[in-house]
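Visitor: I'd like to learn how to read the two sides of a helix. Could you walk me through an example?

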Amino acid sequence: LRYGHHPAAPVPYAAPMVVAVPQKSAGAAVALELVLGLFGVFGVGNLYAGRTTAGVILMFSFWGMFWINFFLLFLAVGIVTMPLTWIAYLVAGSLLAAQGIERHNAQVALAPSY
């Protein structure tokens with residue numbers, strides 16, 4: 001045996017690393033959707049909620065619908081469809097963001113704590 005080496009020396013125990021994931025605010029997600037939605041930017045609240053796909057779809061589909069409604073203005077139908085589309089995106093985006101936050105917070109609450 002080498003000097004100072006003990007064959008039965010205990011191996012130090014390394015505790016598992018715990019990463020705390022904070023809960024998110026549904027109010028913040030809805031506020032992001034509503035405030036930025038006033039300027040035609042939808043989906044940010046969903047991105048905050050962790051629903052990346054829904055957020056990106058809301059962003060791009062709104063602008064696609066915006067241009068469709070813009071051209072419908074020349075047929076006078078866009079006068080009705082443009083604000084209805086905007087309101088629908090405000091409501092749907094906010095509800096989806098709030099649901100995403102609820103799902104996120106439920107997963108955080110179920111995560112094992114060490």
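Visitor: Which exposed residues does helix 3 carry on the face turned away from its buried side?

Guide: In this predicted model, that face holds Thr 53, Ile 57, Phe 60 and Phe 71, which are exposed.

Visitor: And which residues of helix 3 are buried?

Guide: Start with the general idea: an α-helix makes a turn every 3.6 residues, so residues three or four places apart point the same way. Here, the buried residues of helix 3 are Gly 55, Leu 58, Phe 62 and Asn 69. They lie on the same side of helix 3 because their arc around the axis is only 60 degrees.

Visitor: What do those buried residues pack against?

Guide: Their partners are helix 2 (44–49) and helix 4 (78–110).

Visitor: Asn 69 catches my eye. Why does Asn 69 count as buried?

Guide: Buried means under 20% relative accessible area, and Asn 69 counts as buried because its relative accessibility is 3%. Leaving out residues up to four places away in sequence, Asn 69 touches Gly 78, Thr 81, Met 82 and Thr 85.

Visitor: Let's try helix 4 too. Is Ser 94, which lies in that helix, buried or exposed?

Guide: Ser 94 is buried, at 9% relative accessible area. Beyond residues up to four places away in sequence, Ser 94 touches Val 30, Glu 33, Leu 34 and Tyr 89.

Visitor: How far apart are the C-alpha atoms of Ser 94 and Phe 42?

Guide: The separation is 9.2 Å, for two residues 52 residues apart along the chain.

Note on methods
Residues are numbered from 1 along each chain as its sequence is written. This is a predicted model: local features need pLDDT of at least 70, side-chain atom pairs count only at pLDDT 80 or more; totals for chains, interfaces and linings use all residues. Side-chain values use heavy atoms; hydrogens and water are left out. Buried means under 20% relative accessible area, exposed over 50%, partly exposed in between (1.4 Å probe, protein chains only). Contact means heavy atoms within 4.5 Å. Helices (H or I, at least four residues) and strands (E, at least two) are DSSP runs, numbered from the N terminus. The arc is that of the directions from the helix axis to the C-beta atoms.
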